[in-house]
Amino acid sequence: LLAMRSDVDVRRTGNVFYHVYDDPSSTFVARARDEMTAYAGTPFDPTWILVATWHRVPNNPDGSRTFGDQDSHKRNTFQVVIATDESSTHAVFNYPPNGIEWTGRSRPSG
């Protein structure tokens with residue numbers, strides 16, 4: 001799965017977090033079950049959920065080991081939620097309501 005087709009670099013700024021939910025009695029699992037069932041239109045009872053969040057990550061436009069565009073003030077936050085009931089799997093991609101600040105590789109011209 002690709003939450004955003006781009007190179008990010010969190011060596012100096014930005015973070016990547018993840019959390020696994022596997023307790024069926026948790027509030028988060030219940031909410032995911034309800035929302036995914038409503039969206040899909042068929043019952044879905046996840047037994048395992050992974051939430052990965054990229055928080056305020058900068059672009060690395062040239063994909064190099066240098067710090068790329070780290071000095072730019074543009075940062076993106078986005079998230080992927082992967083849920084499975086051990087028979088089928090669903091993925092949800094979350095992006096900010098106001099959009100993202102940069103996309104893809106933005107290489108300098110010349």
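Arg56 is partly exposed in this predicted model, its relative accessible area being 42%. The residue belongs to strand β2, and its backbone deserves attention: phi lies near 50°, a positive value in a residue other than glycine. A second residue with this feature is Glu86, which is not a glycine either and has a positive phi of about 75°. Glu86, however, is placed in the loop between β3 and β4. With a relative accessible area of 69%, Glu86 is exposed, because the class begins over 50%.

The two residues can now be set within the overall fold. The protein contains 1 helix and 4 strands, and from the N terminus on these elements follow the order β-α-β-β-β. Of the 110 residues in the protein, 29% are buried. The accessible surface comes to about 7500 Å², and carbon and sulfur atoms contribute 51% of that area. Among contacts with a separation of 6 or more, 69% join residues 24 or more positions apart.

Aromatic residues provide one example of such a link along the chain. The structure holds 3 aromatic pairs. In one of them, the rings of Trp54 and Phe78 have centres 4.9 Å apart and planes at 15°, so this pair is stacked. The pair links distant parts of the chain, since Trp54 lies in strand β2 (residues 48-57) and Phe78 in strand β3, 24 residues apart. The stacked assignment follows because planes under 30 degrees apart fall into that class. Ring pairs also bring in Tyr95, so that Trp54, Phe78 and Tyr95 form a cluster. Within this cluster, Phe78 counts as buried, at 4% relative accessibility.

Strand β3 offers further residues to examine. Val80 is found in this strand and counts as buried at 6% relative accessibility. The C-alpha atom of Val80 is separated by 8.0 Å from that of Leu50, although the two residues are 30 residues apart along the chain.

Strand β3 spans residues 76-84, and Thr84 is part of it. What is the relative accessible area of Thr84, and is the residue buried or exposed? The value is 16%, and Thr84 is buried, because the limit for that class is under 20%. The side chain of Thr84 reaches the backbone oxygen of Ser88 at a distance of 3.1 Å. Once neighbours within four places in sequence are left aside, Thr84 is in contact with Phe44, Pro46, Thr47, Trp48 and Thr89. One of these partners, Trp48, falls in strand β2 (residues 48-57), while another, Thr89, falls in β4 (89-94).

The surface presents another aspect of the model. Val8, Val10 and Val16 make a nonpolar surface patch of about 190 Å². Val16 is located in strand β1, which covers residues 15-21. With a relative accessible area of 44%, Val16 is partly exposed. Val16 can therefore take part in the patch, because patches are made of residues with over 30% relative accessible area.

Taken together, the residues of strand β3 described here, Phe78, Val80 and Thr84, are buried, whereas Val16 in strand β1 and Arg56 in strand β2 are partly exposed.

How values were computed. Residues numbered from 1 in each chain as written. Predicted model: local features only at pLDDT ≥ 70, side-chain atom pairs only at ≥ 80, totals over all residues. Heavy atoms only, no water. Patch = residues over 30% accessible without salt bridge, like charges linked within 9 Å, V, L, I, M, F, W, Y side chains within 5 Å. Areas by Shrake-Rupley, 256 points an atom, 1.4 Å probe, with all protein chains shown as cover. Salt bridge = Lys/Arg side-chain N within 4 Å of Asp/Glu carboxyl O. Helix = DSSP H or I, 4+ residues; strand = E, 2+ residues; numbered from the N terminus. Buried < 20%, exposed > 50% of the residue type's maximum accessible area, 1.4 Å probe, protein only. Contact = heavy atoms within 4.5 Å. Polar contact = N/O pair within 3.5 Å; in protein donor to acceptor, adjacent residues only side chain to side chain. Phe/Tyr/Trp six-rings, centres within 6.5 Å; stacked < 30°, edge-to-face > 60°.
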